[in-house]
Amino acid sequence: MNSPKPSVSLALFRSGIDTQQEPVIYLRSDSPVCRAEGFRSQSRVRVSTVDESVIATLCVVNPVSLKENGNWIEPGQAAVSEAAWRMLKLSGGEKASITHTKAVDSVTYVRGKLYGKTFTKAGLKAIVDDVVAGRYTDIQIAAFVAACTSSNLSVEETIFMTEAMVDAGQRLTWSKQPVLDKHCIGGLPGNRTTPIVVAIVAACGLIIPKTSSRAITSPAGTADTMSALTPVDLSLEEITAVVEKEGGCIVWGGAVNLSPADDLFIRVERALNLDSEGQLVASVISKKLAAGSTHVVVDIPFGATAKMREYSAAQMLKSRLEEVGHRLGLTVKCLLTNGDQPVGWGVGPSLEALDILSVLKNESHAPNDLRERALTIAGELLEMGGASVLGQGYTLAEQTLRSGRAWQKFEAICLAQGGLFEPKVGEHCHNILAQRSGVLTYINNRFVSKLAKLLGAPNSMGAGIRFKVKLGEKVEKGDLLLSLFAETTGELAYALEFLDGHPDEILIGDELV
């Protein structure tokens, strides 16, 4: 009878390498563990300390190159990425055993879908559970994402996937109902209605615990913008306390493990530039169900350079969201909105935060488009929640904003979350002036997002763009069109070079077309 191989422990240290959400471990090719286990680069391995365990991707490092670069990994050591360091809850000095993982059987369901078979409920649950457990490589996740691309998921498959995503994480419960929520499918820079909506709805006595995301490919997510104003990395216990006290919150959802598969799928979708209607619906509905919501308003902007480019595609998404929500006990109402240009004046965390404050404080220079969008969404939620009779929600939302009650509630929510900060804009600024007189006829949303990211957003909170004019407005030669803000001169110079190379993304014509 064969006796088990003895486990070899290696000393772990922090590499400082950011691999986003993927845990990675780095071993020398002449490490005793590599030799004993026959590990190859890109293998999936289990890394186990006394208290924690995680499945990680292995990168094998050539000892010759190590010697040329300071020998930063010794034979008895293993380096771990930032994600692995967090997941293993390391503090320094720990040792770990590194072993092979079992084969992932659920990949057979992915293969079947690629060859035209239909996902079963059990198959999708197995896939989602394995993804969340870290058993899938990015390549395997990419294969699953590709299998679900376009309209390749039926309503039944979308429902099965949504249920599996909810079951894979935590699920919040609340003592009062209805529990209201809102969502925007994204693709529109500056569309930061959430903080205003939450403040209005909570000020009217309804419950709206809003968990939001950070940016993946955009210049700011709601959590990024809110972090310029207040702490957003709250624990489940802290979120509950804020909502019990104030009726609402605006926090980062990643801190509370709601529908954890979603972030993993989105990361790969964005890298591949693939959009799947079924996965988008499962993403939205699973997050809302996991948050304990009962009634949701979804904003679907559509336009030539928005995520949804055609009205017909926006209508199809609306129907699927409302149907899947209904089948799973969630009341969903979708609003199809104009997505022809950025919302508000600012794009980037601090600049968007300043827009939010100006609307809540009823300042004269507050962006009217952001204000109107927020009032429309808040009005729908007030009617769904029973705070207003049908047809009067907008009026109540507007009264709540104008009276200052929304601002008071927003202040109270921020203080309950840990404080209210003053947003700071990047100190390096460059103004872009009109090169001719005319009418602003075209703004490419995707170009605006990329330009803001080149300026440093969202990692640099003060970076981004502040617009001075909107589509259809007249300008004279030499008028200010927009201002660029960066926290370093290098980022500003890089963004200006990019802007000079794309002169047709913001156009002034003789008339609006």
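Reader: Which residue in β5 does A11 stand opposite?
Author: Keep in mind that this is a predicted model. Strand β1 (residues 9-14) and strand β5 (residues 77-80) pair in the parallel sense, with four bridges between them. Within β5, the residue standing opposite A11 is Q77.

Reader: And β2, which residue of β5 does Y26 stand opposite?
Author: Strand β2 (residues 24-28) is joined to β5 by two bridges, and these strands run antiparallel. Look across from Y26 into β5 and you find A79.

Reader: Is R35 buried or exposed?
Author: R35 lies in helix α1 (residues 32-37). Leaving aside neighbours within four places in sequence, R35 is in contact with S29 and D30. Its relative accessibility is 58%, and the cut-off for exposed is over 50%, so R35 counts as exposed.

Reader: Let's move to the parallel sheet. Which strands stand at its edges?
Author: It's an open sheet of three strands in the order β7-β10-β11, with parallel pairing. Two of these strands have a single partner strand each, so one side of each is left without a neighbour in the sheet. Those edge strands are β7 (180-184) and β11 (331-338).

Reader: By how much are neighbouring strands of this sheet turned against each other on average?
Author: Take the sheet with the order β7-β10-β11. Ignoring direction, its neighbouring strands are turned against each other by an average of 20°.

Reader: What is the bridge partner of K182 in β10?
Author: Five bridges join β7 to strand β10 (residues 295-302), and the two run parallel. For K182, the bridge partner in β10 is V297.

Reader: Which strands does α12 touch when it packs on the sheet?
Author: The direction of α12 makes about 155° with that of β7. Helix α13 (residues 311-327) lies across β10 and β11, running at about 165° to β11. As for α12, the strands it touches are β7, β10 and β11.

Reader: How far apart are the end C-alpha atoms of α12, and why does that agree with its 14 residues?
Author: Helix α12 covers residues 277-290. At 1.5 Å a residue, counting one less than the number of residues, its 14 residues should span 20 Å. The end C-alpha atoms agree with that, being apart by 20 Å.

Reader: How many residues of α12 are buried?
Author: The helix is mostly covered. Just for orientation, α12 is followed by G292, whose phi is positive, near 85°. The buried count for α12 is 14 of its 14 residues.

Reader: At what angle do α5 and α11 pack?
Author: Helix α5 (residues 121-132) and helix α11 (residues 260-272) have their axes 9 Å apart. V128, V131 and V132 in α5 meet P260, A261, L264 and F265 in α11. The two helices are therefore roughly perpendicular to each other, at an angle of about 85°.

Reader: Which helix gives the most to the largest nonpolar core?
Author: That core has 42 residues, and the ones with the most contacts inside it are I200, V201, L360, L381 and F410. At least two residues each come from α8 (194-203), α14 (349-360), α15 (368-384), α16 (393-402) and α17 (405-417). With eight residues, the helix that gives the most is α15.

Reader: How many residues are in the other core, apart from that one?
Author: This core lies apart from the largest one. Among its residues are I432, V469, L484 and L496. In total, its residues number 27.

Reader: Which strand has L507, the bridge partner of Y442?
Author: An open sheet of three strands has the order β16-β14-β18, with antiparallel pairing. Its edges are β16 (474-475) and β18 (506-509), each with a single partner strand, so one side of each lacks a neighbour in the sheet. Strand β14 (residues 438-443) is joined to its antiparallel partner β18 by four bridges. L507, the bridge partner of Y442, is in β18.

Reader: Last one: are α18 and α19 roughly parallel or antiparallel?
Author: The axes of helix α18 (residues 445-454) and helix α19 (residues 489-500) come within 8 Å. F447, K450, L451 and L454 of α18 make the contact with E491, Y494, A495, F498 and L499 of α19. The axes cross at roughly 155°, and angles over 145 degrees count as roughly antiparallel. That makes α18 and α19 roughly antiparallel.

Technical notes
Residues are numbered from 1 along each chain as its sequence is written. This is a predicted model: local features need pLDDT of at least 70, side-chain atom pairs count only at pLDDT 80 or more; totals for chains, interfaces and linings use all residues. Side-chain values use heavy atoms; hydrogens and water are left out. Buried means under 20% relative accessible area, exposed over 50%, partly exposed in between (1.4 Å probe, protein chains only). Two strands pair if DSSP finds at least two bridges between them. A nonpolar core is a set of buried Ala, Val, Leu, Ile, Met, Phe, Trp, Tyr and Cys residues joined through side-chain atoms within 4.5 Å. Contact means heavy atoms within 4.5 Å. Axes are lines fitted to C-alpha atoms, for helices over the stretch in contact, and angles run from 0 to 180 degrees between N-to-C directions. Angles under 35 degrees count as roughly parallel, over 145 as roughly antiparallel, 65 to 115 as roughly perpendicular and the rest as oblique.
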